[in-house]
Amino acid sequence: MEERFMREALRLAKKAKNLGEVPIGAVVVVDGKIVGRGYNTRTRMQLATAHAEMRAIDGACKKLGSWRLPGAELYVTLEPCPMCMGAVLNARIDRVYFGAYEQKGRSLTAELANANLLNHTVEVMGGVMEAECAAVLTSFFTEMRAREKAKKTEQPLICAESIDSDEK
Ligand SMILES: [Zn+2]
């Protein structure tokens, strides 16, 4: 595990945040080099599969000209969902390092990693730079809730104005 790779995943997560996407970033590393980068673009692309991990794995496969990525490591800022763990297994990635834990506990990460699906098992290590990875997500959702609250408090004012003008 090398922190510099998680740092790069964090940089990508912040890029997603600046675009108004849930901030999740990922990199694929082979032989100590980044061969794929990705960040969540689900909203912009309106694509259910546009998770950071999928985009990083796609990039690595394209770069290396192979659907198999033996010896590869995936660094991702949030615990991967089952779809992304499926992609990890399909790409024969050896190790996954993730930052923040999925709080709702519906990731099935350990189960999928050890299920020997496709005759492949993945080594998973969670909680890498957990505080930093979680902070990016927390600040995104706090800001989003604040924006929504601001919107909601604006609403009655608009209604009040329109009632006023109707009465005139
Ligand atoms: Zn995913």
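Here a trainee and a mentor talk through a predicted model of a single chain.

Trainee: What makes up the secondary structure of this chain, and how do the elements run?
Mentor: There are six helices and five strands. Going from the N terminus, the order is α-β-β-α-α-β-α-β-α-β-α.

Trainee: How do you know whether the chain is spread out or compact?
Mentor: Set its radius of gyration, 20 Å, against the globule rule, which gives 15 Å for 168 residues. The value is well over the rule, so the chain is more spread out than a compact globule. As for the box, the C-alpha atoms fill roughly 75 × 30 × 30 Å along the principal axes.

Trainee: And how much of the chain is buried?
Mentor: Buried residues come to 36% of the 168. To count, a residue needs 20 or more other C-beta atoms within 10 Å of its own.

Trainee: What makes strand 4 "largely enclosed"?
Mentor: Strand 4 covers residues 95-100, and five of its six residues are buried, so the rest of the structure largely encloses it.

Trainee: Why are strand 3 and strand 4 called paired?
Mentor: Pairing takes at least two bridges, and strand 3 (residues 73-78) has five with strand 4, in the parallel sense. For instance, L74 has V96 of strand 4 as its bridge partner.

Trainee: Which strand pairs with strand 4 over three bridges?
Mentor: That's strand 5 (residues 123-125), again in the parallel sense. Here R95 has E123 of strand 5 as its bridge partner. The chain gets from strand 4 to strand 5 through helix 5 (residues 109-114), and this β-α-β crossover is right-handed.

Trainee: What is the hand of the unit made by strand 3, helix 4 and strand 4?
Mentor: Right-handed as well: strand 3, helix 4 (residues 82-90) and strand 4 make a right-handed β-α-β unit. The label fits a path that runs clockwise from the first strand over the helix to the second, with the strands pointing away from the viewer.

Trainee: How do you know that the span of helix 1 agrees with its residue count?
Mentor: Helix 1 (residues 3-18) has 16 residues, which at 1.5 Å a residue should span 22 Å. Its end C-alpha atoms are 23 Å apart, and that agrees.

Trainee: Why say that the buried residues of helix 1 line one face?
Mentor: The buried residues are F5, M6, A9, L10, L12, A13, A16 and K17. Seen down the helix axis, they fall within an arc of 160°, so they line one face. An α-helix has 3.6 residues a turn, so residues three or four places apart point the same way. The exposed residues R4 and N18 sit on the face turned away from the buried side of helix 1.

Conventions:
Residues numbered from 1 in each chain as written. Predicted model: local features only at pLDDT ≥ 70, side-chain atom pairs only at ≥ 80, totals over all residues. Helix = DSSP H or I, 4+ residues; strand = E, 2+ residues; numbered from the N terminus. Rg over C-alpha atoms; globule rule 2.2 N^0.38 Å. Buried ≥ 20, exposed ≤ 12 C-beta atoms within 10 Å, placed from the backbone. Expected span 1.5 Å × (residues − 1). Arc of directions from axis to C-beta.
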